[in-house]
Amino acid sequence: MSTSRTLETARVSKREFVQRFARRGGISVQAAQTAYNAMIDELLDLVGRGNTVTLTNFGKFYPQTHKGHRVQFAKQDGDAEVNDYTVLKFSATREVNRRVKVND
């Protein structure tokens, strides 16, 4: 089985993640869902304003801007341009990276 296929079968849905989060925290699924939504919304709002969000012992989330560039699409005649754009980046701490162990 290829690595991509192995990772495909190991995906956890948002629903399952929230249920597991609730169970681990000893809180209701509703409370976990509210906390999850609030955390994601706040994180995206802060990073969307250009901030870096550092979660101690976990990692940092930050915006990374890419310059626009010319591209040529196979299905279109001529060139097109991609404008400057920003993506969300994440950098885990060494401690977190050491704790992540995926069995091959």
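The following paragraphs describe the secondary structure, the sheet, the principal pocket and two individual residues of a predicted model.

The protein comprises 4 helices and 5 strands. Read from the N terminus, these elements follow the order α-α-α-β-β-β-β-β-α. Of the 104 residues of the protein, 11% are classed as buried. Two domains are assigned, domain 1 spanning residues 11–50 and domain 2 spanning residues 52–103.

Three of the strands, S1, S2 and S5, are assembled into an open sheet. Their order in this sheet is S1-S2-S5, and the pairing is antiparallel. Strands S1 and S5 occupy the edges, where each has a single partner strand, so one side of each is left without a neighbour in the sheet. From one strand to the next, the twist averages 25 degrees.

The two pairings in the sheet were examined in turn. Strand S1 (53–55) is joined to strand S2 (residues 59–66) by 3 bridges, and the two strands run antiparallel. Within this pair, Leu55 is placed opposite Gly59 of S2. On the other side of the pairing scheme, S2 and strand S5 (residues 85–92) are connected in the antiparallel sense over 8 bridges. Here Phe61 stands opposite Phe90, a residue of S5.

Strands S1 and S2 form a hairpin with 3 residues between the strands. Asn57 is located in the loop between S1 and S2. The phi angle of Asn57 is near 65 degrees, which is a positive value in a residue other than glycine. Asn57 has a relative accessible area of 51%; since the cut-off for the exposed class is over 50%, this residue is therefore counted as exposed.

The largest pocket of the model has a volume of about 720 Å³. Its lining consists of 17 residues, and those lying nearest the centre of the pocket are Phe17, Phe21, Tyr36, Met39 and Phe58. When the lining of the largest pocket is divided by class, 11 residues are nonpolar, 1 is polar and 5 are charged. Several secondary-structure elements contribute to this lining: helix H2 (14–25), helix H3 (29–48) and strand S1 each supply at least two residues. With respect to the domains, both domain 1 and domain 2 give residues to the lining of the largest pocket, so the pocket lies between them.

Helix H3, one of the elements that supply the lining of the largest pocket, also contains Thr34. The relative accessible area of Thr34 is 45%, a value that falls between the cut-offs of 20% and 50%, and Thr34 is therefore described as partly exposed. The C-alpha atom of Thr34 is separated by 9.6 Å from that of Val18, and these two residues are 16 residues apart along the chain.

In summary, the model contains an open antiparallel sheet of 3 strands, together with a largest pocket situated between domain 1 and domain 2. Strand S1 takes part in both features, as an edge strand of the sheet and as a source of at least two residues of the pocket lining.

Methods
Residues are numbered from 1 along each chain as its sequence is written. This is a predicted model: local features need pLDDT of at least 70, side-chain atom pairs count only at pLDDT 80 or more; totals for chains, interfaces and linings use all residues. Side-chain values use heavy atoms; hydrogens and water are left out. On a 1 Å grid over the protein atoms alone, a cavity is a set of points where a 1.4 Å probe fits but cannot get out, and a pocket is an open set with protein on both sides within 12 Å along at least five of seven lines; lining residues have an atom within 4 Å of a point. Grid points are joined across faces, edges and corners, and a volume is the space filled by probe spheres set on the points. Ala, Val, Leu, Ile, Met, Phe, Trp, Tyr, Cys and Pro count as nonpolar, Asp, Glu, Lys and Arg as charged, and the others, Gly among them, as polar. Domain bounds come from an automatic or database domain assignment. Buried means under 20% relative accessible area, exposed over 50%, partly exposed in between (1.4 Å probe, protein chains only). Two strands pair if DSSP finds at least two bridges between them. Axes are lines fitted to C-alpha atoms, for helices over the stretch in contact, and angles run from 0 to 180 degrees between N-to-C directions.
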